[in-house]
Amino acid sequence: MDIIDFREYVLSLPLVEECTPFDETTLVYKIGGRMFACADMEEFDRVTVKHDPDEGEALRDEHAEITPAFHFNKRYWSSLSVGGDLPDSLIRELIRRSYFYTLRHTVTPKRLREELTLRIEEAMKADGE
C-alpha cells in the first residue's frame with residue numbers, strides 16, 4: 001500500500017473529513033469531527049488507527065508490525081507498518097474498524113452519531129455494499 005492507495009481508500013468511506021491539523025505532511029481523517037486515522041505523506045511507513053483497547057492488545061500480540069502509536073494514547077491507538085508483512089487487506093480492514101469504532105464510541109452528541117450512522121447506511125446501500 002502506498003500513500004495514494006491509503007488516501008483513496010480512506011476517502012471512499014462515507015462522510016470522511018481530511019485535514020492537516022498537526023503539520024503540512026500529516027494527513028488526519030475524521031468522522032463526525034473525531035479522528036480515526038492518520039499517516040505522514042512524506043514518510044509513509046505506517047498508518048495510525050483507533051481501536052477498542054482489548055482488540056488493540058490482541059492485534060499487537062498477533063502481529064509484530066502492529067505497535068502502540070507514538071504520541072497517542074497507547075490503549076486506544078496503534079501504528080500499522082505498511083512496508084512489512086501486513087497484508088493490505090488487513091490494513092484496510094483495520095482502518096474500516098477504526099472508522100466504525102470512532103463513530104460508535106466517540107462521536108457526540110448522540111443525535112449527531114445517529115444522523116451520521118443513518119447517512120452512512122444510506123450511502124453504503126447506494127454503493128451496493
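**Around helix α1 and beyond**

Visitor: Which residue caps the N-terminal end of α1?
Guide: We're looking at a predicted model here, so start at the beginning of α1, residues 3-12. A side-chain oxygen lies 3.1 Å from the backbone nitrogen of Ile 4. The residue that supplies this oxygen, and so caps the N-terminal end of the helix, is Asp 2.

Visitor: Do the buried residues of α1 line one face of the helix or several, and what arc do they fall within?
Guide: The buried residues in α1 are Ile 3, Phe 6, Tyr 9 and Val 10. Look down the axis of the helix and they line one face, because they fall within an arc of 135°.

Visitor: What covers the buried residues of α1?
Guide: The cover includes three strands, β2 (26-31), β3 (34-40) and β4 (46-50). It also includes a helix, α3 (88-105).

Visitor: At what angle do α1 and α3 pack?
Guide: Their axes run 11 Å apart, and α1 passes α3 in a right-handed crossing. The packing angle is about 35°.

Visitor: How many nonpolar residues does the contact of α1 with α3 have?
Guide: On the α1 side the contact is made by Phe 6, Tyr 9 and Val 10, and on the α3 side by Arg 92, Ile 95 and Arg 96. By class, 2 of them are charged and none is polar. The nonpolar count is 4.

Visitor: Staying in α3, which backbone oxygen does the side chain of Thr 102 reach?
Guide: Thr 102 sits in helix α3. At 0% relative accessibility, Thr 102 counts as buried. Setting aside neighbours within four places in sequence, Thr 102 touches Ile 31, Arg 34, Met 35, Phe 36, Lys 50 and Val 107. Its side chain comes within 2.8 Å of a backbone oxygen, that of Ser 98.

Visitor: Where is Pro 109 found?
Guide: Here's an odd spot to click on: the peptide bond from Thr 108 to Pro 109 is cis, with omega near 0°. Most peptide bonds are trans. As for Pro 109, its place is the loop between α3 and α4 (110-127).

Visitor: Is Leu 15 buried, partly exposed or exposed?
Guide: Leu 15 lies in the loop between α1 and β1 (17-19). Leu 15 has a positive phi of about 65° although it is not a glycine. Most residues other than glycine have a negative phi. With a relative accessible area of 31%, Leu 15 is partly exposed.

Visitor: And His 71, is that buried or exposed?
Guide: His 71 is in the loop between β5 (66-68) and β6 (77-81). Its phi is positive too, near 70°. The cut-off for "exposed" is over 50% relative accessible area. His 71 has 69%, so it's exposed.

Visitor: What separates the C-alpha atoms of Ser 81 and Ala 64?
Guide: Ser 81 is part of strand β6, and at 17% relative accessibility it counts as buried. Not counting residues up to four places away in sequence, Ser 81 touches Asp 45, Arg 46, Glu 65, Leu 86 and Ile 91. Ser 81 and Ala 64 are 17 residues apart along the chain, and the separation of their C-alpha atoms is 9.0 Å.

Definitions and conventions
Residues are numbered from 1 along each chain as its sequence is written. This is a predicted model: local features need pLDDT of at least 70, side-chain atom pairs count only at pLDDT 80 or more; totals for chains, interfaces and linings use all residues. Side-chain values use heavy atoms; hydrogens and water are left out. Buried means under 20% relative accessible area, exposed over 50%, partly exposed in between (1.4 Å probe, protein chains only). Helices (H or I, at least four residues) and strands (E, at least two) are DSSP runs, numbered from the N terminus. The arc is that of the directions from the helix axis to the C-beta atoms. Contact means heavy atoms within 4.5 Å. A polar contact is a pair of N or O atoms within 3.5 Å; within protein, one must be able to donate a hydrogen and the other to accept it, and residues adjacent in sequence count only if both atoms are side-chain atoms. Axes are lines fitted to C-alpha atoms, for helices over the stretch in contact, and angles run from 0 to 180 degrees between N-to-C directions. A crossing is left-handed if the near helix is turned anticlockwise from the far one by less than a right angle, and right-handed if clockwise. Ala, Val, Leu, Ile, Met, Phe, Trp, Tyr, Cys and Pro count as nonpolar, Asp, Glu, Lys and Arg as charged, and the others, Gly among them, as polar.
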